[in-house]
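Please look over the sequence and the model below before reading on. The paragraphs that follow go from the chain as a whole to its disulfides.

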Amino acid sequence: MQARALSVLLCLLATAAAFLTPSASTDDAIGLASSISGNQTLVSAGKIFKLGFFSPDGADGRSYLGIWYASIPERTVVWVANRQRPVVDGPGVLELAADGRLVIADAKNATVWSSAAPTREVTSRAVARLEDSGNLVVLSSDGREESVAWQSFDYPTDTLLPGMKLGVDIKAGLTRNITSWRSPSDPSPGEYTFKLVIGGLPQFFLFRGPTTRIYTSGPWNGDILTGVPYLKSKDLSFEVVASPDETYYRYFIRDASMLSRFVIDGETGKLRRYQWSNGRWNSFWFYPNEPCEEYARCGAFGYCDSDRSPMCSCLPGFAPRSPEQWGRRIASGGCVRKAELSCGGDGDGDDGFWVVDRMKLPEATNATVLAGMNLDQCRQVCLNDCSCRAYAAANYSGMVGSGCVIWSVDLLDMRKYSMHVQDVYIRLARSEIDALKAAEHAAVHRRHPRRTVVIAVAATIAGVLLLLAVVLCSFWRNKVRRKPQFEMVSAAAPTGGARKRRLDADWKCAEKDGDLPLIDLEVIQEATNNFSVENKIGQGGFGPVYKVKTSNTQLVNLINAHISHSVLCHSVDCADEGKRKLLGWKKRFEIILGIARGLLYLHEDSRFRIIHRDMKASNVLLDEHMVPKISDFGTARMCGCDETSAWMLWKEGRTVDLADEAMDGDFSTSEVRRCIQVALLCVDVLARNRPLMSSAVMMLASENAMIPEPNEPGVNIGRNTSDTDSTHGLTSNNATTTTSELDPR
């Protein structure tokens, strides 16, 4: 009987022990005095993340405790505990110590790494659990509820996961940055760091090394980060909170099944957002992705505009500090005032303010914020301070300005957008204000001249003009009839009345355009051998294209005066079908690079900025040396090419199928894939997603270039936020929280 009672008692004790130490037997947690080592792992409840020891390729036996995605075959590490202190005498062991610290020990039981002290006292029920968010948390329980004593989200490495904060918690004494890996085989802190800089308005910076700023999000104005006003998406939302105790940025995913991560890339020095789809990580967007996103590219009191060439300009009332350097497109020296400030007083010579409204706010970490003022009060404070350069509303939540931010330092890192961002009031001398107003008035007058003529007078003038037009047309027709008819020999050239009408129309158009000198028909006939069929090299959207061979300096000077780049010349030949087999991949790749460089010249380096708008194979000609020449500049139509097949092959990983069969497989697979990838980027439905030609040339020419994943041509993955989208701001208790939608650019 006693033996039976003892058996029952032992059974009850075993059951109780199991309930008291639940962490010891679960897959997602460890409890006090329990551990994992070697190949053992913790797996989150939803099987989204794993925690365990890993050794990167090329790590030479060094091992680290990390977190990675559980469902992805290729290990993608998102957090590393001991990134600066690897386990070299393995295998490593992770355990939860009695004081609530996580401890990593080596095979000799020497402590390699331990977590920070828990923020609250832990009990015997404490566990370390891996959550489905990717957060490793130490939980303390009093039997009724659990509370977080420590969490990995407070100590990011190179990746920001959904829900993770990037910023500063002053009350808790935490600074949450992301820092790149030193190399793919070394997770120790690398060269690049993305972090919040406190002071003035909140602003996030990408640093190279400890002090060199290479990119910034722009100041937070209570509504948006002004350096990324297009940041919207249907899949993601973001939040910025600014309060006296804590300032941070974080983002969330609307679809819980979607995997997304925000990473600082140590090899390229860029911030990248990735999304898992179709069995691989696709680059959603990256920053910086164009020259205007480089920090302070145009220097003090300058601003950058990616739609202009050159991109750098001075703010109104300012001029280049060094015109010579600006002429060579070196704008880092910035701009200086055209007229000095008078500083103070209320007379006619006082200073004033000029408003710019489509600008990224200047760097505001050294600005002064006066929360209790309105804009009128802010203006007066600025006028009374001789060092004040500009002011704006400190909080623009709900598109209504409140508070005041004053810049008493040089205005840096401004950029122009096509959309309204926020009004910035630039302080200028009164003479400059008057000059700018006069210029603005003159421009408006040129666009909209006054119409003070009464209807009767207008009708009379219209009648006179109509009569004059009839007389001139009659005179012109008689004059044309008296012109000798040219004998047409070539069957390829227009004939008869149609050709005469075309010549008349072209002559009239040329007379109207003072920038196009008239060329005698005899000169063109001579240059084309009387429009000989042997000289015809193609058919453009507006008629045949002829090879020109001439010594006539008038025609040569006309062509060279307008476009002088070597890729664009006046004597070209085209490759026929028989020559295709003579073109190996090396020559084809040179042709691709030549076309890209030609477009780069047209877009950014030509005296005239030219957008071709009809680039296709038939508009690229090859001379006798197989050097590409861009042709057919007369069209204004978008190419009607079908990119569907290229996209489908790209998705299926079969881009090499697009290579010409005439090459018999003799080509570089990586270069073919790179060409197709860049081509798909260039036909993105959103213009802001397309790379600049300078970037396209760099991506094509460099084997190590990081190229973003293209979107499907003709498919808009998000709303066009440059039109009507806006964010929604909430303000309470001196803390500003804005939730918005993110769109790639």
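A residue is called buried when its relative accessible area is under 20%, exposed when that area is over 50%, and partly exposed in between, using a 1.4 Å probe and protein chains only. The model is predicted, so local features need pLDDT of at least 70 and side-chain atom pairs count only at pLDDT 80 or more, while totals for chains, interfaces and linings use all residues. Residues are numbered from 1 along each chain as its sequence is written, and side-chain values use heavy atoms, with hydrogens and water left out.

The chain contains 40 strands and 12 helices; these are DSSP runs numbered from the N terminus, with at least four residues for a helix (H or I) and at least two for a strand (E). Of its 745 residues, 46% count as buried. About 38,400 Å² of the chain is exposed, and carbon and sulfur atoms supply 53% of that area, as computed by the Shrake-Rupley method with a 1.4 Å probe. A contact means heavy atoms within 4.5 Å. Among contacts between residues at least 6 apart in sequence, 56% join residues at least 24 apart.

A search of the whole structure finds six disulfides, each defined as a pair of cysteine sulfur atoms within 2.5 Å. A disulfide is a covalent bond between the sulfur atoms of two cysteines.

One of them joins Cys-292 to Cys-304, with an S to S distance of 2.0 Å. The link of Cys-292 and Cys-304 is left-handed, with -75° about the S-S bond. Cys-292 sits in the loop between strand E24 (280-287) and strand E25 (302-304), and Cys-304 is in strand E25, so the disulfide ties together parts that are 12 residues apart in sequence. Cys-292 and Cys-304 are both buried.

Cys-298 is joined to Cys-312, again by a disulfide, at 2.0 Å from S to S. Its S-S bond has -80° about it, and the link of Cys-298 and Cys-312 is left-handed. Because Cys-298 lies in the loop between E24 and E25 and Cys-312 in strand E26 (residues 312-314), the pair ties together parts that are 14 residues apart in sequence. Cys-298 and Cys-312 are buried.

Which way does the disulfide of Cys-378 and Cys-404 turn, left-handed or right-handed? The torsion about its S-S bond is about 55°, so the disulfide is right-handed. Cys-378 lies in helix H3 (residues 375-383) and Cys-404 in strand E32 (residues 404-407), so this pair ties together parts that are 26 residues apart in sequence. The S to S distance between Cys-378 and Cys-404 is 1.8 Å. Cys-378 is buried, with a relative accessible area of 0%, and Cys-404 is buried, with a relative accessible area of 0%.
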